[in-house]
Amino acid sequence: MNDDEILERIMDVEIREEGRRGIKSYVLRNNVLSDEEKKIIIENKRFLSFFDSSKRVTDLFDEKKPLVIEIGFGMGDITWRIAKENPETSYLALDVYLLGCVKLLRELGKNGVGNVNVMRFNAPDVLSCMTDDGSVDGFHIFFPDPWPKKRHHKRRLLNLPFLHLLAKKLKKGGYIYFVTDWEEYADEVLALSREESLLVNPHDGFAPPCSWRPTTKFERKGIEKDHKINEIWLVRQ
């Protein structure tokens with residue numbers, strides 16, 4: 001593919017099918033890139049497009065290493081830091097926000113982190129079409145959009161069908177690590193987790209903080225507003 005084709009391809013973030021509709025957990029923002037940002041995308045071999053759904057996510061990584069998928073990494077502040085501290089684990093970072101992808105790619109290069117691949121595509125599509133059942137060691141979902149207005153709750157990423165999809169993709173003993181500063185959302189996810197028979201909560205309720213998860217600027221702002229940080233750790237039976 002030439003450069004223009006690469007840039008055109010990354011503008012698609014979900015599968016397009018005739019008559020296919022659904023509630024999205026995101027609203028796309030600015031897709032305008034500077035020449036420098038375009039260069040980062042074109043030259044970076046760790047930036048993947050959803051170009052061939054016959055490929056498997058596991059084909060992208062060393063099969064001997066654990067695989068963790070982060071869904072909705074935002075600006076990637078946590079992503080590259082965790083990956084740098086865990087070089088023997090492979091990470092796939094999924095998000096639809098283009099500028100966040102560029103920022104994460106820049107940070108990966110700047111900090112010499114080589115165990116992360118970045119894909120700009122809708123996570124449910126990647127999991128459904130490219131990810132085998134029982135192939136993932138862990139999922140990270142940190143501070144997803146809480147869609148606070150009641151009429152928008154249907155847009156929330158974590159619902160029962162999606163939780164079941166995550167559970168199916170996990171290896172036995174694999175985990176889902178969910179963190180939010182929106183207490184009502186945390187309560188909802190905790191209640192949903194009790195309905196998923198493939199998952200068990202070893203803490204029975206909210207989990208203690210994991211010392212290896214860095215604190216982000218976004219999280220600190222939430223704490224300053226007296227938002228309680230709630231963490232949920234679920235394990236595949």
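**Close-up views of helix packing, salt bridges and buried residues**

Helices α3 and α4 are roughly parallel to each other, because their axes cross at an angle under 35 degrees, the cut-off for that description. The model is predicted, so local features need pLDDT of at least 70 and side-chain atom pairs count only at pLDDT 80 or more, while totals for chains, interfaces and linings use all residues. Residues are numbered from 1 along each chain as its sequence is written, and side-chain values use heavy atoms, with hydrogens and water left out.

**View 1. Helix α3 packs against helix α4.** Two packed helices are described by the angle between their axes and the distance between the axes. Here the axes of α3 (residues 77-85) and α4 (residues 98-110) come within 9 Å and cross at roughly 30 degrees. Each axis is a line fitted to C-alpha atoms over the stretch in contact, and angles run from 0 to 180 degrees between N-to-C directions. Helices are DSSP runs of H or I with at least four residues, strands are runs of E with at least two, and both are numbered from the N terminus. The crossing of α3 and α4 is right-handed (the near helix is turned clockwise from the far one by less than a right angle).

**View 2. Side by side, α3 and α4 share a set of contacts.** Look for Asp77, Thr79 and Trp80 in α3, which meet Lys103, Leu104, Glu107 and Leu108 in α4 (contact means heavy atoms within 4.5 Å). The residues of this contact divide into three nonpolar, one polar and three charged. Nonpolar covers Ala, Val, Leu, Ile, Met, Phe, Trp, Tyr, Cys and Pro, charged covers Asp, Glu, Lys and Arg, and the others, Gly among them, are polar.

**View 3. Part of α3 is buried.** Ile78, Thr79, Trp80, Ile82 and Ala83 are the buried residues of this helix (buried means under 20% relative accessible area, exposed over 50%, and partly exposed in between, with a 1.4 Å probe and protein chains only). Their cover includes β2 (67-71), β3 (90-95), α4, β4 (116-120) and β5 (136-142).

**View 4. Salt bridges link helices.** A salt bridge is a side-chain nitrogen of Lys or Arg within 4 Å of a carboxyl oxygen of Asp or Glu, and by this rule the count comes to ten. In one of them, the side chains of Glu36 and Arg106 meet at 3.9 Å, N to O. Glu36 lies in helix α2 (residues 35-43) and Arg106 in helix α4, so the pair ties together parts that are 70 residues apart in sequence. Asp77 also forms a salt bridge with Lys103, with the closest N and O atoms 3.2 Å apart. That pair links α3 to α4 across 26 residues.

**View 5. Lys171 and Asp137 form a salt bridge.** Their closest N and O atoms are 3.2 Å apart. The pair links strand β6 (residues 170-180), home of Lys171, with strand β5, home of Asp137, 34 residues away. Lys171 is partly exposed, with a relative accessible area of 31%.

**View 6. Asn117 is a buried residue of strand β4.** Its relative accessibility is 12%. Leaving aside neighbours within four places in sequence, Asn117 is in contact with residues including Arg46, Leu48, Phe61 and Tyr91.

Note on methods. Parallel < 35°, antiparallel > 145°, perpendicular 65-115°, else oblique.
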